[in-house]
Amino acid sequence: MEQQSDNAILTRPETNSGRVIISDKTPEPMSDTKRIKKSYRQIRAEKWFRHLIFYVALATIILVLGIMVTLAWQSKLSIQSSGFGFLWGKTWDPVRDVFGVYPFLLGTLLTSFLALILSIPFSFAVAIFLGEYYRKGWVPDLLKNTVELIAAVPSVIYGFWGLAVLVPIVRGFETKIGVDPVGLGIFTSSLILAIMIIPYAASLGRSMIQMVPANLKEAAYSLGATRWEVIRSVILPYTRSGLFAGIMLSLGRALGETMAVTMVIGNTSLIPKNIFSPGNTMASVIANEFTEADHPVYLSALIELGLVLFVVTVIINMVGKRMIKGFSN
Amino acid sequence: MRNHVKYRIGKSIGFQALTILLSVACVVPLIFILVYIIQAGITKINWQFLTNLPKPVGEKGGGIANALLGSIIIIATSSVIAIPFGILCGIYLSENKNSKLAYWSRLCIDVLQGIPSIVIGIVAYFWLVKPLGGFSSLSGSVALAIMMLPIVVRSTEETLLLLPDSLREAAYALGMPFHRVILKVIVPCGISGILSGVMLSIARITGETAPLLFTAFGNPYLSTNIFKPMQSLPLLIFNYATSPYNDWHDLAWGASCILLIWVLLLNISTKLLTRKWKVQL
Amino acid sequence: MKSLAVVALAFAITGGIMTMGCNGSGSGSKADSTSGNDNTILGAGATFPNPLYSKMFSEYNKNTGLKVNYQSIGSGGGIQQLTSKTVDFGASDAPLNGKQDSALSAPAVHIPITAGAVVLSYNLPDFKDTLNLSPDVLAKIFLGDIKKWNDPQIQAINKGAKLPATDILVAHRSDGSGTSNIFTTYLSKVSTDWDSKVGKGSSVNWPVGLGGKGNEGVAGSIKQTPGAIGYIELAYAIQNNMAYAKMQNKAGNWVLPSIASVTAAANIAIPADAKVSLTNTDAADGYPISGLTWILVYKEQKYGDRSLDRATKILKMIQWMVHDGQQYCAPLNYAPLSPNAVSVADAQLKTITYDGKPVLQ
């Protein structure tokens, strides 16, 4: 009877008994040459398949190298003409061929960090809720799935909703506090970004918190700690690097986000005066101006901007992933 | 002493309440957004909406047929490119865990996952639009395929790693060659994990706009030619949402509603599929 | 083996489907999207005439069945895509400047299609009259020197009007725009301050304000932001029920943008290459911020894989736009071309050749 359950995995669905069917006719024994030919065929096919998957894996490496080379090659023109002033130049003037991306760096950093600050309390709350307080049951399942759905909604829909609903609200708020009631700007973009990046730190944090060994927690409880004290003194220090990695991943996502930000940030290439001013991020500049860069240096400057964005996001993502790997080991 | 203990317990309960409050508060914006979009968009959807082409600026009665067809074609083409590629790569990574190539390949897949979608759009422009001399939905599909790749590869790799080694060994013991072991035994066993990775990757690219901005470009007519520009739902939403015309806003709401429901359905079906496999995607 | 055969077959089928979608167009590495004989012409460019073009192309499609895929990405985009040869024609409200000319691999021809007005649209919900703006005040607003609606300088030219004490929120283009070009050319002509600080062009370093993509984006910004002011094409303001200002022209008159005032401004001799600016017109009743908009095509149509048939289709379409298509201008508040402009357009069309021979006889 035990044999049957092992066979169950290996047999094809069309057999109805879960057992290998032995036919009534004994198959004709294969001639030697046929058997040899079949073996050679199989060996060749096996080699072919092994080579196939090898080259496919190699191709992924070539793909990434190709991306980096393309970006670097196309930015060459701009690197030669702008030099390092590209990164801290305060003026982006395509007419006079002056390309300084400091306003966009500032815009990107402001929106991303503000979004991070706004979203961290919520991400951590969800992570602790699901990892520590309520691990099993249909309520935590529902919460977990809903939070993951936040990440599933397309960015352009967040942008459209932001444009239609959030911008008038922020405009009303700005009128009350006496700032230019534009509605569009860094603050609004940060709000939408904050909503969008909650799931990343939340799900990573949840896995990290669930991995805390039970005996550590039980030791703390046996010493008379309350739940909060266990969280504060045992769980959080233990998962510190994992939580930090979650923050890195959220940050990486926020830095590269394009569509939602482009729709609500106000698209101004000036340095933002305060968090309520309109501005631009590196990604939104590329989105707006790419199809109309009408001379080679302009296009090259935009590609160089893409290269900077690429390098920054990849570094942050890799740091985050390394920390997770280090934590799991 | 008793008061101090009460204080500590009070803090603990307070923190728990705070956690619950924040977690629930987290979910509120999402529910609000979903309800708003569905309610704003559902009234705009009717048969005309789904089958008409956009009308000239300012005229009523336009529809989104070109965007619907375009989205389907672009996603189908991306899937055809990315899925075989991704599954084969995932197979390599799970079968050769410790080789040098696997290490670098995994690293590159991680890098790919972190690249902003607009940068991938730039690269696709230089690889496909310029050489082919024009915008095409194929270039958009390639950009989207590059974005699908990491998700498919990781889900395939992790699903296959979860399968017991005894399965492989039993198949080898029966004398099966390597490719048969993989294609006839391992992959079918892990098919639901792989399938959920595929569905997740499709859900991811359905809503992507940035790479399509300068690859697929847009088209007011129905088109099935992948070497020419094509319209897609997210592109349409972006263009119409930022326009001043109320008719176009209505179209954008309807399109957002459809896109949202499409993506949510994909994600929910994936979750139901992954129940069987505790795959960390 | 069977499974391998299945995999290989799947690849082959998908490859086959992809090439079948080709419709017979030459898809070698030198092919451009402008080749092939499917019935679609690809154009890109100015958002300024987009309401008119989308109507014209829709009507032309009804008459002849030719499909025109026009993407309004801004004049800068139109010029760039024409330079890269990814489109059949570009559309721009700014004539090619020296830098753009030299970036082209072959000369391009400008064909005027219509003239329109760049209006100053504003969002003042409680202000029911029409605002008056003088060139000086306009330049100062866009330079950021005048910040509030009830500034005395604005009040001085709008006697008796009740203007609110709110901030002026400027909206401008974030993309490369012919509309911006018309507007900044005008400002450079009437304000030395603007000329020295900002200058003119399709994409300038705006001292203040919010960016919007395309005429659509700027109109959207103005419409949704109380206290905003921005420059858009007349058709956008009318189609969206937005208020727009009267401008004081060179003769000192306060002119409301309309077909009549744009036609008056456009009633000048058009040079043979059709590159002319209509801003700051001398005409007494002309609207000072008017502009022509052009379609750009290469003079020699034989490049890449293009066929004579395709070139003929495109030129016939443009010819229709300059003649029969003009009937759609007025209902959308664009000014039809003057007889002089039409003859220049026709002459330009006749200079376009395929393999050295003129396409249209």
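Start with how chain B holds together: of its contacts between residues at least 6 apart in sequence, 75% link residues at least 24 apart. Keep in mind that this is a predicted model. Here's a quick tour of chain B, then of where chain A touches chains B and C.

**Chain B on its own**
- Chain B has 12 helices and zero strands, so to speak a run of α-α-α-α-α-α-α-α-α-α-α-α when you read along the sequence.
- The radius of gyration of chain B is 24 Å, whereas a compact globule of 281 residues would come in near 19 Å.
- Along the principal axes, the C-alpha trace of chain B covers about 70 × 65 × 35 Å.
- Buried residues make up 58% of the 281 in chain B.

**Where chain B meets chain A**
- Here 68 residues of chain B are in contact with 68 residues of chain A.
- Helix α1 (residues 2-42) of chain B chips in the largest share of chain B's side, with 18 residues.
- That side of chain B breaks down into 51 nonpolar, 13 polar and four charged residues.

**Where chain A meets chain C**
- At this one, 23 residues of chain A are in contact with 29 residues of chain C.
- On chain A's side, α2 (32-82) and α12 (282-289) each supply at least two residues.
- The top contributor there is α2(A), with three residues.
- Sorted by class, chain A's side facing chain C has nine nonpolar, eight polar and six charged residues.

Definitions and conventions:
Residues are numbered from 1 along each chain as its sequence is written. Chains are lettered from A and ligands numbered from 1 in the order in which they are written. This is a predicted model: local features need pLDDT of at least 70, side-chain atom pairs count only at pLDDT 80 or more; totals for chains, interfaces and linings use all residues. Two residues are in contact if their C-beta atoms, placed from the backbone, lie within 7 Å. Helices (H or I, at least four residues) and strands (E, at least two) are DSSP runs, numbered from the N terminus. Ala, Val, Leu, Ile, Met, Phe, Trp, Tyr, Cys and Pro count as nonpolar, Asp, Glu, Lys and Arg as charged, and the others, Gly among them, as polar. The radius of gyration is taken over C-alpha atoms; the globule rule is 2.2 Å times the number of residues to the power 0.38. A residue is buried if 20 or more other C-beta atoms lie within 10 Å of its own, exposed if 12 or fewer, and partly exposed in between; C-beta atoms are placed from the backbone.
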